[in-house]
Amino acid sequence: MGRTDIISIIPARGGSKGVPKKNIKVLHGFPLIAYSIKASQHSRFISRTIVSTDSAEIASVAKQYGAEVPFLRPAELSGDKSTDYDFVAHALDWFQKNEGKVPDYLVHLRPTTPLRDVKVVDAAIEAILASSDSTALRSAHEMPESAYKCFEIQNGVLKTVGTGSYELDAANQARQQFPKTYQANGYVDVLKSSFVLQHHRIHGNKVLGYVTNRVVEVDSLEEFHLLEYQIARDKKIINELFG
């Protein structure tokens with residue numbers, strides 16, 4: 001039996017409204033996308049680092065840091081409403097047509113979650129390799145406040161998310177009275193190519209939850225500045241990735 005073929009795929013659209021040129025904006029001396037590229041390259045399991053982008057500028061930066069950019073993603077798969085399935089399916093189709101096979105697993109590393117410990121990435125890969133019946137793996141961190149204490153607003157009136165009730169007093173209980181809830185964070189997701197190709201979706205209904213420490217995802221300049229502050233206080237990850 002051959003070696004399991006595991007590659008990473010880093011999606012990086014050119015368009016970004018919250019932070020212009022977000023994926024190549026410099027964070028503590030390095031473009032944002034370089035953090036994900038280096039984390040992939042340091043993994044014990046990932047054999048290739050692929051960037052999927054519609055931007056020649058992003059492609060050039062990615063190549064400077066050692067990533068492969070074997071194709072440019074079509075514009076119709078790179079808009080604000082494009083889904084993760086769109087770029088994953090496009091990549092798998094390219095592999096099949098150009099290399100005659102697809103990798104067994106795709107490690108989905110979002111450039112907007114740059115501060116990764118490579119040991120955590122590898123542990124997540126090991127977890128799904130040990131779970132043959134899982135459809136995918138997604139990383140998440142515990143929410144500081146249970147989602148059961150959150151509200152929707154309907155016709156101007158608050159109602160609880162968990163029950164849909166307009167009686168809000170129950171939501172005032174101590175947070176320890178509610179189930180823990182988790183937020184997907186883009187630290188590391190692992191997809192099974194066979195599942196994607198067979199079911200035309202990327203995660204499915206038996207997704208391993210891999211809990212990480214709480215991390216910042218970049219969607220605004222304020223979050224970018226917060227990452228700068230975190231790196232300035234603790235340079236361990238940046239030294240591991242670029243040192």
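**Pockets, cores and a buried loop residue**

Q: How much space lies in the second largest pocket?
A: In this predicted model, about 270 Å³ of space lies in the second largest pocket. Its lining is made up of 16 residues, of which Leu-115, Asn-213, Val-215, Gln-230 and Ile-237 lie nearest its centre. Helix 6 (221–233) and helix 7 (236–242) each supply at least two residues of that lining.

Q: What makes up the lining of the second largest pocket by class, and how does the lining of the largest pocket divide?
A: The second largest pocket is lined by nine nonpolar, three polar and four charged residues. The largest pocket, with a volume of about 470 Å³, has a lining that divides into six nonpolar, nine polar and nine charged residues. Among the 24 residues that line the largest pocket, Pro-11, Arg-13, Asp-84, Arg-110 and Thr-112 lie nearest its centre, and strand 1 and helix 3 (84–99) each supply at least two residues of the lining.

Q: Why is the space of about 40 Å³ called a cavity?
A: A cavity is a space where a 1.4 Å probe fits but cannot get out, whereas a pocket is open, and the space of about 40 Å³ is therefore classed as a cavity. The structure holds one cavity of 30 Å³ or more. Asp-5, Ile-7, Arg-48, Phe-95, Glu-99, Lys-101, Val-102 and Pro-103 line the largest cavity, and by class they are four nonpolar and four charged residues, with no polar ones.

Q: Why is Ile-46 called buried?
A: The relative accessible area of Ile-46 is 9%, and the term applies to values under 20%, so Ile-46 counts as buried. Ile-46 is found in the loop between helix 1 and strand 4 (48–53). Leaving out residues up to four places away in sequence, Ile-46 touches Ile-6, Ile-7, Ser-8, Ser-40, Val-107, Val-121 and Ile-125.

Q: What makes helix 1 mostly covered?
A: Eight of the 11 residues of helix 1 are buried, namely Leu-32, Ile-33, Ala-34, Tyr-35, Ser-36, Ile-37, Ala-39 and Ser-40.

Q: Which residues have the most contacts inside the largest nonpolar core?
A: The largest nonpolar core has 28 residues, and those with the most contacts inside it are Ile-33, Val-51, Val-107, Ile-125, Val-188 and Val-190. Strand 1 (6–12), helix 1 (32–42), helix 2 (56–64), strand 5 (105–108) and helix 4 (118–129) each supply at least two residues of this core. A second, separate core of 16 residues includes Ile-50, Leu-92, Phe-95 and Leu-106. As for Val-51, its contacts beyond four places in sequence are with Ile-10, Ile-33, Ile-37, Ala-62, Ala-67, Glu-68 and Val-69.

Q: How do you know that strand 7 and strand 8 pair?
A: Pairing requires at least two bridges, and four bridges join strand 7 (residues 151–154) to strand 8 (residues 157–160), so the two strands pair. They run antiparallel, and the bridge partner of Gln-154 is Val-157 in strand 8. The hairpin of these strands has two residues between them, and Asn-155 there takes a positive phi near 55°.

Q: How far apart are Ile-46 and Asn-155 in sequence and in space?
A: Ile-46 and Asn-155 are 109 residues apart in sequence and 50 Å apart in space, taken from C-alpha to C-alpha.

Notes:
Residues are numbered from 1 along each chain as its sequence is written. This is a predicted model: local features need pLDDT of at least 70, side-chain atom pairs count only at pLDDT 80 or more; totals for chains, interfaces and linings use all residues. Side-chain values use heavy atoms; hydrogens and water are left out. On a 1 Å grid over the protein atoms alone, a cavity is a set of points where a 1.4 Å probe fits but cannot get out, and a pocket is an open set with protein on both sides within 12 Å along at least five of seven lines; lining residues have an atom within 4 Å of a point. Grid points are joined across faces, edges and corners, and a volume is the space filled by probe spheres set on the points. Ala, Val, Leu, Ile, Met, Phe, Trp, Tyr, Cys and Pro count as nonpolar, Asp, Glu, Lys and Arg as charged, and the others, Gly among them, as polar. A nonpolar core is a set of buried Ala, Val, Leu, Ile, Met, Phe, Trp, Tyr and Cys residues joined through side-chain atoms within 4.5 Å. Buried means under 20% relative accessible area, exposed over 50%, partly exposed in between (1.4 Å probe, protein chains only). Contact means heavy atoms within 4.5 Å.
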